[in-house]
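Notebook open, viewer open. I'm jotting down what I look up as I go.

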Amino acid sequence: MTPQNLMLLPLSTPKLSIGCLILDHCLGGGIACNSITELVGESGSGKTQLCLQLTVRAQLPPSHGGLGGSSIYIFTEFSFPFRRLQQLGNLYHASYPNLLRLEPLEDIYVHGVHDAQELIHVLGDIEAFIAIDHTRLPVKLIVIDSIAALFRSQYQTTPADLKRRSEMFFNISGTLKGLANKYGLAVVVTNQVVDFIGPHHGVNGVRLGNLESLDTSGRRVSPALGLAWAHCINSRVFLARHEQSIEVDIRNAPSTSICSQTHRTFHLVFAPHLAYASAEFVIKKEGIVGVSQ
């Protein structure tokens, strides 16, 4: 391996397109394979919407921005949004009738887990599942939605529990990175946010990535699970949302009405070889779409 070859490696990594040139540009072409990408944001920011979109798009051939593969979706809280996934599947099949099968959901394998130890067990089963090659399309995407939910109440704040939690982080991320590298997968995990009170520069005095602080819904936040988990992922995308009150003129009404409008922003916090980038986006029936400035 020469220095010249190393310089070429980032360009040769397959990418999974989000399906929007604006957002793909922020990521240098899309979600990178052979690594872990985290989507972090508050509830309603669009994390799950984006994950569902990626599971359908992964089935497209590389010539159309996909990976030509199936997906495994691990959900850890609430009920899985099958109806929304079915809607996306139908819309994409209508757009790509010759590239996607009539039922795209048949190439998306969904499994629920409830704690970190169960996730470790399931990841072992997934490796056997991929190796045996049971699927019509090779598995090319693993989604975990969300990683934070697995650690919400299982561990206390004692030094011993924090040590065990960190060890579990590295166990999970090491297994995911091993699968990603061995089988050329893209791995996407979602994470939640917690309110942050402290100095304006970084988290606990340490700046991670391109942003000094993360702001959403008028409050300052930080990604859940702390610095230990931040060192387990390769890329972090922050999805922010802000409510804005606007005046709307109503025909034949004596006065204007005040309505609330949601603005969402896609921030690349850190990723190998990529500079900071951001873009506004909206959630439409066909999925997440960037907005031209």
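**Entry 1: R219 and its partner.** I started at R219, which makes a salt bridge with D195; the closest N and O atoms sit 2.4 Å apart. I'm reading this off a predicted model, so that distance is a computed one. The pair links distant parts of the chain: R219 belongs to strand β10 (residues 219–223) and D195 to strand β8 (residues 193–195), with their positions 24 residues apart.

How exposed are the two partners? R219 comes out partly exposed, at 29% relative accessible area. D195 is exposed, at 54%. I then looked for further partners and found that E42 joins in: E42, D195 and R219 are linked in a network of salt bridges.

**Entry 2: the other salt bridges.** How many salt bridges are there by this rule? I get 6. I wrote up two more of them.

One of them joins R136 and D107, whose side chains meet at 2.8 Å, N to O. R136 is in the loop between α5 (116–132) and β6 (139–145), while D107 is in the loop between α4 (82–95) and β5 (108–112), so this bridge ties together parts 29 residues apart in sequence. Is D107 buried or exposed? I found D107 buried, with a relative accessible area of 0%.

The other one is K163 with E167, closest N and O atoms 2.6 Å apart. Both belong to helix α6 (residues 159–183), and because they are 4 residues apart there, about one helical turn separates them. K163 is exposed at 53% relative accessible area, and E167 counts as partly exposed at 42%. The cut-off for exposed is over 50%, which is why these two get different labels.

**Entry 3: aromatic rings.** Next I went through the rings. The structure holds 7 aromatic pairs. I noted Y73 with F80, an edge-to-face pair at 4.9 Å centre to centre, with 80° between the planes. Both of these residues, Y73 and F80, are buried.

F80 also pairs with F75: the ring centres are 5.7 Å apart and the planes are at 45°, so I logged this pair as tilted. For F80 itself I noted 8% relative accessibility, and on that value F80 counts as buried. Which residues make up the cluster around here? Y73, F75, F80 and F82 form one aromatic cluster.

**Entry 4: two threonines.** I looked up T37 first. T37 lies in strand β3 (residues 35–41) and is buried, with a relative accessible area of 3%. What does T37 touch, leaving out residues up to four places away in sequence? My list reads I31, A32, V187, V188, V189 and S235.

Then T262, which is found in strand β12 (residues 257–270). T262 counts as partly exposed, at 31% relative accessibility. Beyond residues up to four places away in sequence, T262 touches R241, H242 and E243. I also checked T262 against S45: the two are 217 residues apart along the chain, and their C-alpha atoms are separated by 9.8 Å.

**Entry 5: helix α3.** Is α3 enclosed or open? I counted 9 of the 11 residues of helix α3 (residues 47–57) as buried, so the helix is largely enclosed by the rest of the structure. The buried ones are K47, L50, C51, L52, Q53, L54, T55, V56 and R57. I underlined K47 and R57, two charged names on that buried list.

**Entry 6: whole-protein numbers.** The protein has 7 helices and 14 strands. Of its 293 residues, 46% count as buried. About 14,600 Å² is exposed, and carbon and sulfur atoms supply 55% of that. I also looked at contacts with a separation of 6 or more: residues 24 or more positions apart account for 70% of them.

**Entry 7: confidence.** Last, I checked how far to trust the prediction. Mean pLDDT for the protein is 86, and 84% of the residues reach 70 or more. Which elements mark the two ends of the range? Helix α1 (residues 3–12) has the lowest mean pLDDT among the elements, at 56, and strand β7 (residues 186–191) has the highest, at 98. Where pLDDT is low, the predicted coordinates should not be read in detail.

Conventions
Residues numbered from 1 in each chain as written. Heavy atoms only, no water. Phe/Tyr/Trp six-rings, centres within 6.5 Å; stacked < 30°, edge-to-face > 60°. Buried < 20%, exposed > 50% of the residue type's maximum accessible area, 1.4 Å probe, protein only. Contact = heavy atoms within 4.5 Å. Areas by Shrake-Rupley, 256 points an atom, 1.4 Å probe, with all protein chains shown as cover. pLDDT = per-residue confidence, 0-100. Salt bridge = Lys/Arg side-chain N within 4 Å of Asp/Glu carboxyl O.
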